[in-house]
Amino acid sequence: MALSDNEVTAELKKMVAFIKQEALEKAREIHIKADEEFAIEKSKLVRQETASIDAAYERKFKQAELSQQIVRSTVTNKTRLKILAAQQDLLDQIFEAARQRLSGVSSDTEKYQDVIKNLVFEGLYCLNEASVKVKVREEDYDIVRKAIPKVEAAYKEALGKEVKVEIDENDPLPSESAGGAIIVGFHGKIDVNNTLEERLRLMEFESLPAVRTTLFGPSPNRKFYD
C-alpha cells in the first residue's frame with residue numbers, strides 16, 4: 001500500500017529529527033572529548049612549564065651558591081695571605097734585629113774569644129784534619145792567636161790526637177763581617193763556615209717553625225707534626 005504525501009512528509013520529519021538528534025549527540029561527544037584532550041594537554045603543558053621553571057630556579061640557585069662559595073673562598077684566601085704576610089714581616093724584623101746585634105758580639109773580648117774557640121773547635125771536629133787554616137777578620141787576629149792553643153788542647157783531649165791551627169792571613173774575612181771564622185782543610189778544598197752571619201742564618205732556618213709557633217700559636221691547617 002503506497003504512503004500518502006502526508007505520511008511521507010511525516011516519515012521524512014522523523015528521519016530528519018533522528019539525524020539531527022544523532023548529530024547533536026555526536027557533536028556533544030566531540031565537544032566533551034575535545035574538552036578532555038584540552039584539559040590533558042593543558043595539564044601536560046603546565047607540568048612541563050613548572051618543571052622548566054623549577055630547573056631554571058635550581059640552576060640559578062646553584063650558580064648563586066657557587067658564586068657565594070667562590071667569593072667566600074677568595075676573601076678567606078686573601079685574608080690568610082695578608083695574615084701570613086704580616087707574620088712573615090714580623091719574623092723578618094725579629095731576625096733583622098738579631099743581625100743588627102751581631103756586630104756587638106765581639107765587643108766583649110773575653111766572651112768573644114770563647115765564642116771563637118768553640119766555633120773553630122766545631123770546625124776541627126767536622127774536618128778531622130791534622131792541619132787546618134782559619135779565616136777571620138784582621139781585627140780578630142790577636143784574639144784568635146790567644147784562642148788557638150786552647151782549641152788545640154781541647155781537640156787533643158777530645159779526640160786524642162794533635163792538630164795544627166793557623167790563621168790564613170792571605171785571605172781574611174771582610175772587615176764588615178760580624179765575626180766568627182771559616183775553618184779550611186784538605187788543602188783548601190773543604191771548609192766549614194762558622195761565621196756569625198752563617199750561624200744566625202742556620203739558626204733562623206732551624207728555629208723558624210718554633211719561633212712562629214711561639215709567636216702565633218700552632219697553625220690550624222697543620223695536621224702533622226715532627
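Biologist: Where is Ala178 found?

Modeller: Happy to start there, and please keep in mind that this is a predicted model. Along the chain, Ala178 belongs to none of the numbered strands named around it; its place is the loop between strand 2 and strand 3.

Biologist: Is Ala178 buried or exposed?

Modeller: A residue counts as buried when its relative accessible area is under 20%. For Ala178 the relative accessible area is 7%, so Ala178 is buried.

Biologist: Which residues does Ala178 touch, leaving out those up to four places away in sequence?

Modeller: Sequence distance can mislead here: Arg101 is 77 residues from Ala178 in sequence, yet their C-alpha atoms are 9.0 Å apart. Contact asks for heavy atoms within 4.5 Å. With residues up to four places away set aside, Ala178 touches Leu102, Ser103, Ser106, Arg137, Leu196 and Glu197.

Biologist: Thanks, now the whole chain. In what pattern do the helices and strands follow along the sequence?

Modeller: The protein has four helices and four strands. Reading along the sequence, the pattern is α-α-β-α-β-β-β-α.

Biologist: Why is the protein said to be more spread out than a compact globule?

Modeller: For 226 residues the globule rule gives 17 Å, and the radius of gyration is well over that, so the protein is more spread out than a compact globule. Its C-alpha trace spans about 165 × 30 × 30 Å along the principal axes. The radius of gyration itself is 50 Å.

Biologist: What share of the residues is buried?

Modeller: The protein exposes about 17100 Å², with carbon and sulfur atoms supplying 57% of that area. Out of the 226 residues, the buried share is 20%.

Biologist: How far apart are Leu81 and Lys146 in space?

Modeller: Leu81 is found in helix 1, which covers residues 5-102. With a relative accessible area of 54%, Leu81 is exposed. Leu81 and Lys146 are 65 residues apart in sequence, and from C-alpha to C-alpha the distance is 51 Å.

Biologist: How do strand 1 and strand 2 run, parallel or antiparallel?

Modeller: Strand 1 covers residues 131-135, and strand 2 covers residues 164-167. Val134 stands opposite Ile167 in strand 2. Four bridges join the two strands, and their sense is parallel.

Biologist: Which residues make up the covered face of strand 2?

Modeller: Strand 2 has two faces, and the uncovered one holds Lys164 and Glu166. The covered face is made up of Val165 and Ile167.

Biologist: How far apart in space are Lys135 and Asn193?

Modeller: Lys135 lies in strand 1. Beyond its neighbours within four places in sequence, Lys135 has contacts that include Asp168, Asp171 and Val184. Lys135 and Asn193 are 58 residues apart in sequence, and their C-alpha atoms are separated by 9.5 Å.

Biologist: In what sense do strand 3 and strand 4 pair?

Modeller: Strand 3 takes in residues 180-185 and strand 4 residues 190-195, with six bridges between them. Gly185 stands opposite Ile190 in strand 4. The two strands form a hairpin with four residues between them. Their pairing is antiparallel.

Biologist: What is the phi of Phe186?

Modeller: Phe186 is found in the loop between strand 3 and strand 4. Its relative accessible area is 32%, so Phe186 is partly exposed. Phi is positive although the residue is not glycine, with a value near 55 degrees.

Biologist: And is His187 buried or exposed?

Modeller: His187 is found in the loop between strand 3 and strand 4. His187 also has a positive phi, about 55 degrees, although it is not a glycine. A residue counts as exposed when its relative accessible area is over 50%. His187 has 81%, so His187 is exposed.

Biologist: One last thing: how far apart do the centres of the positive and negative side chains lie?

Modeller: The protein has 35 positive side chains and 40 negative ones. Taking the centre of each set, the separation is 4 Å.

Definitions and conventions. Residues numbered from 1 in each chain as written. Predicted model: local features only at pLDDT ≥ 70, side-chain atom pairs only at ≥ 80, totals over all residues. Heavy atoms only, no water. Rg over C-alpha atoms; globule rule 2.2 N^0.38 Å. Buried < 20%, exposed > 50% of the residue type's maximum accessible area, 1.4 Å probe, protein only. Areas by Shrake-Rupley, 256 points an atom, 1.4 Å probe, with all protein chains shown as cover. Lys, Arg positive; Asp, Glu negative; His and termini not counted. Charge placed at Lys NZ, Arg CZ, Asp CG, Glu CD. Pairing = 2+ DSSP bridges.
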